[in-house]
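The exercises below ask you to read one chain from its overall make-up down to single side chains. Work through each task with the model open before turning to its solution.

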Amino acid sequence: MPTTLGELHAAANRNLREVLSNTLMPEDAQEQAVVVRQLADLVRHLQATLESVGERPRRANPGPATHLATAQSALRRTAGRLPALDDAVAALHHDTPMARAVQAAAAVQDLIASHRGQDGIPVTPYALAFTERPARAYLVHCSADLAWGASRVAQALSEAVANESTAVQLYVARGSLAQASVLGRSTSDKMNAAIAAFPLVPPLDPRSALSTDAPGSIAAHLADDCERLSRAAFEALHGRGEPGLSGSDVQQLARWRAMSNLLSGRALLHAAAYADPHTAEPLRAAAGHLRAAAQTWQQSAARWHRVVDLSDPRVHPNLPLPGYHLARSGQFNGMPKTPPHPALITAHAHATRIGQLLYGMTWTPETPGRPAERGAHEVLADAGGLAGLTHTLYRVAATGWQLATAMPSVIRRIESTLVTDSIDHRPPEAVHRFYPLPGHQVERLTERIEDVVEAEQTAAASILRTAPQTGMDTARARLDAAAHKQIRSGQPWLPIGNAAEPQSSSTRPPASPARPSTAAARSRSTTVTRRPTGTPATPGAVPPAGSGAELRRGRSK
């Protein structure tokens, strides 16, 4: 499963406990210097986390950030009294529990930063979670837990060092860390525990489904696909990301979403066949809602019949071959080969992975017929049990809701480039085969989208209702509920300078995260690159050969 805030904090705490329980503090001064510097790095990352939610050192009414700053100063003085770092000794501590705790604390900032672009603008609806006090209180509480573990490490070090002055500084650091922990934990009654499910957003670069992938990795890849599609939907909703979704992308995306929901419903039915009657009934009901959502996606895609987007005419009606004189005169141009949007490639891979989970790793959407399903125990083992399967398929439906909500904005944005050759609404003055899509036909494209939104929401809710029987974790659903409410209310994108208290539009900004990793920087990029022409496995229907000039100029009926 993808890394979440809760998992990172749990990993850091687990490693701090291991430092104290499974090992003794080193007696060598150089090794002690390494541990002190690692402890200082951990405190620095805790400071950065608190600073990102508006907690800064202050003289009046000092809070956790003030005591962390005091501890950091004491640790720097301690490091100055110990020998300089030796590279050979430092290398021995590269993969120790203390080093892993520092890495987990540092990754918190990269995880939060992955939800914002280079300009500080959110690229997912979840980035806005930290504009609310309960979400920030969760970060403060988790930092307090880590500060308590760090204080115990400082105390153990103070008992191991030989120099009395060094021990005094470590004692000061221990006291400050303990005080920061006490003050930070006082926010526990105000925090939103669902923020533990706050996810890492991977880069938009799609990852194809391969037959060589390990079956046990399917659930993790499906979760990453959902995060990529969620980001693409949020960018499309607000007109960001370059290039945007085209008409061909929208049409084929609807078809792949229909297949994803259909396969998800089959997976639930397969699990229900081997479950007890009390559990099987809600699973079958959820499968029925997923099939209904698949039908609405397919109906939405059917509305694009005989509609062409001139900016990306990959999907178009069959066009007649050019005449001899047209070809000889050089007036004929081949249909431009426009690569699909990364979200479309991700949607194709997403559907393929669900099929691989159900039918085996060699399955592809082009596989003829309906192959035999894998054993239910194999499917559940690779999905993380029944709880893991329902959680994964809930994310499929929730992501579909976000994509469907963004589609009307996409269609309105590309309306000027849509043409059709439908005879039903052809204006009398039209002299060419293709003519601009009438306004009422544009509305016809969007009128089915609301049905998709409702169907996906119903499917997600029906899967959540299986939680008492399946034991699925609903923290992500609570996080989604807040994000979906912001999407529905038309919440504008907030620059990083406005991400603080929600009571006014001019509020205090959180600080930018310090030194993000390369992966997080790529993830935060708002530039979407299309796949180069000529790369294999373009998802969706393959456009027939035809004349690009035919679409631009049109041909008389």
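Two residues are in contact when heavy atoms of theirs lie within 4.5 Å. The model used throughout is a predicted one.

**Exercise 1. Describe the chain as a whole, and decide where the coordinates call for caution.**

Solution. Begin with the secondary structure, which comes to 20 helices and three strands. Turn next to burial: of the 557 residues in the chain, 55% are buried, while the chain exposes about 24,100 Å², of which carbon and sulfur atoms supply 53%. For the contacts, take those between residues at least 6 apart in sequence; 83% of these join residues at least 24 apart. Finally, consider confidence: the average pLDDT of the chain is 82, and 82% of the residues score at least 70. Over residues 491-557, however, the pLDDT is below 50, although this stretch has 177 contacts in the model beyond near neighbours in sequence. Where pLDDT is low, the predicted coordinates should not be read in detail.

**Exercise 2. Classify the aromatic pairs of the structure by the geometry of their rings.**

Solution. There are two aromatic pairs to classify. In the pair of Phe-130 and Phe-198, the ring centres are 4.9 Å apart and the planes stand at 70 degrees; because planes over 60 degrees apart count as edge-to-face, this pair is edge-to-face. The pair links distant parts of the chain, since Phe-130 lies in the loop between helix 5 (97-113) and helix 6 (133-160), and Phe-198 in the loop between helix 7 (164-185) and helix 8 (218-237), 68 residues apart. Phe-130 and Phe-198 are both buried. In the pair of Tyr-359 and Trp-363, the centres are 5.9 Å apart and the planes at 40 degrees, so this pair is tilted. Tyr-359 and Trp-363 are buried as well.

**Exercise 3. Which residue does Arg-240 meet in a salt bridge, and how do the accessibilities in this bridge compare with those in the bridge between Arg-374 and Asp-382?**

Solution. Of the 19 salt bridges in the count, take first the one that Arg-240 forms with Asp-119, where the closest N and O atoms are 2.7 Å apart. This pair joins distant parts of the chain, with Arg-240 in the loop between helix 8 and helix 9 (247-272) and Asp-119 in the loop between helix 5 and helix 6, 121 residues apart. Arg-240 has a relative accessible area of 25% and is therefore partly exposed; Asp-119, at 44%, also counts as partly exposed. In the second bridge, the closest N and O atoms of Arg-374 and Asp-382 are 2.5 Å apart. Here Arg-374 is buried at 16%, and Asp-382 is buried at 15%.

**Exercise 4. Trace the interactions of Arg-476.**

Solution. Start from the charged end of Arg-476, which sits over the ring of Tyr-126, 4.7 Å from its centre. Then follow the salt bridges, where Arg-476 belongs to a network that also links Glu-227, Arg-395 and Asp-480.

**Exercise 5. Is Asn-61 buried or exposed, and what sign does its phi have?**

Solution. First locate Asn-61, which is placed in the loop between helix 2 (29-52) and helix 3 (64-81). Its relative accessibility is 61%, so Asn-61 counts as exposed. The phi of Asn-61 is positive, at about 50 degrees, although the residue is not a glycine.

Notes: Residues numbered from 1 in each chain as written. Predicted model: local features only at pLDDT ≥ 70, side-chain atom pairs only at ≥ 80, totals over all residues. Heavy atoms only, no water. Phe/Tyr/Trp six-rings, centres within 6.5 Å; stacked < 30°, edge-to-face > 60°. Helix = DSSP H or I, 4+ residues; strand = E, 2+ residues; numbered from the N terminus. Buried < 20%, exposed > 50% of the residue type's maximum accessible area, 1.4 Å probe, protein only. Lys NZ or Arg CZ within 6 Å of the ring centre and 35° of its normal. pLDDT = per-residue confidence, 0-100. Areas by Shrake-Rupley, 256 points an atom, 1.4 Å probe, with all protein chains shown as cover. Salt bridge = Lys/Arg side-chain N within 4 Å of Asp/Glu carboxyl O.
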